[in-house]
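Reader: I'm new to this one and would like to know how the labels get earned. Could you show me the structure and then let me quiz you?

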Amino acid sequence: MRSVEAIIVGGGPAGASAALRLTAAGVDTLILDKEDFPRHKLCAGWVTPEVVKDLDLDATSYPYGFLSFRRLHWHLRAVRLPLPCVQHSIRRFEFDHWLVQRSRTELVRHAVRSIRRAGDHYVIDEAFRCRYLIGAAGTGCPVRRALFETEMPRPRGLQTVTLEVEFPFEWRDPDCHLWFFERGLPGYSWYVPKAEGWLNVGIGAMANRLKQRGETIRQHWRHLARKLQHDFGVPLPDDPPGYSYYLRGPGGAPRSGNAFLIGDSAGLATRDLCEGIGPAIRSGRAAADSILSGAPYRWGDGATGSLGDGLISRWMDWAFTRGVSPVM
Ligand SMILES: Cc1cc2nc3c(=O)[nH]c(=O)nc-3n(C[C@H](O)[C@H](O)[C@H](O)COP(=O)(O)OP(=O)(O)OC[C@H]3O[C@@H](n4cnc5c(N)ncnc54)[C@H](O)[C@@H]3O)c2cc1C
């Protein structure tokens, strides 16, 4: 059995951010991930200036594609609001690989199945043993399942369903577009251009609300496909892949003994724009800091939205989750 001080299950932005801090501080740390990196991850790859700052990411020395938008177009039925902005896009295939490499932490390909406590240690699949355990494996995180699920069940009303494709495409419109509440969708769809001729198109909505309406996300995808073909000349496949994750609920940063949950495994994406990369990075750093200093595991300023806790953010949260679509 291999014994190390800290094990991180999942090498996405959350896990890699925790690893960076722990390894830099001299803690013997291992990342376990079920995939070989670089690996595909469904995500629009929109990153905020806060993420760029948190990562100390210098666009000129970042070794992969990095695009900045000058305008974000908000669409609400016939209303189109082009707002000046500074926002960015990356490809997760590249970005996550870069983050893991930057952490200088060994990544072992291993799909974690079982976890048990053994005194003040944790044993994983009878193959690995550690004193500190960090769950960073996204929605189906086995650390969550083994150590947190009973006391902290997932809040059903905060589950999202998404569909998305990313493909090489010579886009002509270099801005980012978001369509809210199209045909009563309790969520939004997006068009996110990427550097070097890539394009990401996707759709996300609250699972519970869709079910109450007797609709599926695939029905809404078909509408989006027609619209994108008509308005942008973008051909979309009929059967895109999907992923489900949870938005931020009540309760703080989950910790039990020396086990921590970070990123999507903790359900930390924002309630208005469903942004998860920033919260993943911040929670990963906070868990590492807590291990290093012995201080309580805390992160964030309590805000639930990417747009802060102002009126627009609260209105979007309400419209997504409370069963009322402002536009039918
Ligand atoms: C369609 C879609 C679009 C999105 N768009 C955006 C966006 O534009 N901007 C934004 O900020 N957020 C976006 N999000 C949310 C964002 O992708 C997530 O919040 C973010 O990736 C969370 O990071 P993480 O490190 O917690 O988890 P992940 O990035 O999911 O990493 C988890 C890792 O755990 C590994 N793993 C899983 N199970 C196991 C196991 N049993 N054993 C070992 N390893 C395992 C996986 O292989 C993976 O590498 C989007 C999400 C979706 C689904």
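Author: Happy to. Let's begin with a term: a salt bridge is a side-chain nitrogen of Lys or Arg within 4 Å of a carboxyl oxygen of Asp or Glu. Keep in mind that this is a predicted model.

Reader: What makes Glu 166 and Arg 91 a salt bridge?

Author: Their side chains come to 2.7 Å, N to O. The limit is within 4 Å, so the pair earns the name. It also links distant parts of the chain, with Glu 166 in strand 10 and Arg 91 in the loop between strand 5 and helix 3, 75 residues apart. Glu 166 and Arg 91 are both buried.

Reader: Why would such side chains pair up?

Author: Side chains of opposite charge can pair when their charged atoms come close.

Reader: How many salt bridges turn up in the whole structure?

Author: A search finds 18. One of them joins Asp 96 and Arg 39, with the closest N and O atoms 2.8 Å apart. Asp 96 sits in helix 3 and Arg 39 in the loop between strand 2 and strand 3, so this pair ties together parts 57 residues apart in sequence.

Reader: Why is Asp 96 called buried?

Author: Buried means under 20% relative accessible area. Asp 96 has 0%, so it counts as buried. Arg 39, at 11%, is buried too.

Reader: Which residues do salt bridges with shared partners join into one network?

Author: Arg 39, Arg 92 and Asp 96.

Reader: What about Arg 109 and Asp 36: what makes that pair a salt bridge?

Author: Their closest N and O atoms are 3.2 Å apart, and the cut-off is within 4 Å, so the pair qualifies. Arg 109 is in strand 6 and Asp 36 in the loop between strand 2 and strand 3, so parts 73 residues apart in sequence are tied together.

Reader: Is Asp 36 buried, exposed or partly exposed, and how do you know?

Author: Its relative accessible area is 46%. Partly exposed covers values between under 20% and over 50%, so Asp 36 is partly exposed.

Reader: Now the ligand. Which residues are closest to it?

Author: Asp 33, Arg 39, Arg 92, Asp 264 and Ile 277, out of 37 residues that surround the ligand. By class, this shell has 19 nonpolar, nine polar and nine charged residues.

Reader: What makes Arg 92 a polar contact of the ligand?

Author: A polar contact is a pair of N or O atoms within 3.5 Å. A polar side-chain atom of Arg 92 lies 2.8 Å from an oxygen atom of the ligand, so the pair meets that limit. Backbone atoms take part as well: a polar one of Ile 277 is 2.9 Å from a ligand oxygen, and a backbone N or O atom of Ala 44 lies 3.0 Å from a ligand nitrogen. The protein covers 94% of the 1000 Å² of accessible area that the ligand has on its own.

Reader: How do you know that Thr 270 is buried?

Author: Its relative accessible area is 3%, and the cut-off is under 20%, so Thr 270 is buried. Thr 270 is found in the loop between strand 16 and helix 7. A polar atom of its side chain lies 2.9 Å from the backbone nitrogen of Glu 275.

Reader: Last one: why is Trp 315 called partly exposed?

Author: Trp 315 has 34% relative accessibility, so it counts as partly exposed. Trp 315 lies in helix 8, and with Leu 76, Val 79 and Trp 318 it forms a nonpolar patch on the surface.

Key. Residues numbered from 1 in each chain as written. Predicted model: local features only at pLDDT ≥ 70, side-chain atom pairs only at ≥ 80, totals over all residues. Heavy atoms only, no water. Patch = residues over 30% accessible without salt bridge, like charges linked within 9 Å, V, L, I, M, F, W, Y side chains within 5 Å. Areas by Shrake-Rupley, 256 points an atom, 1.4 Å probe, with all protein chains shown as cover. Helix = DSSP H or I, 4+ residues; strand = E, 2+ residues; numbered from the N terminus. Buried < 20%, exposed > 50% of the residue type's maximum accessible area, 1.4 Å probe, protein only. Near = heavy atom within 4 Å. Polar contact = N/O pair within 3.5 Å; in protein donor to acceptor, adjacent residues only side chain to side chain. Nonpolar A, V, L, I, M, F, W, Y, C, P; charged D, E, K, R; others polar.
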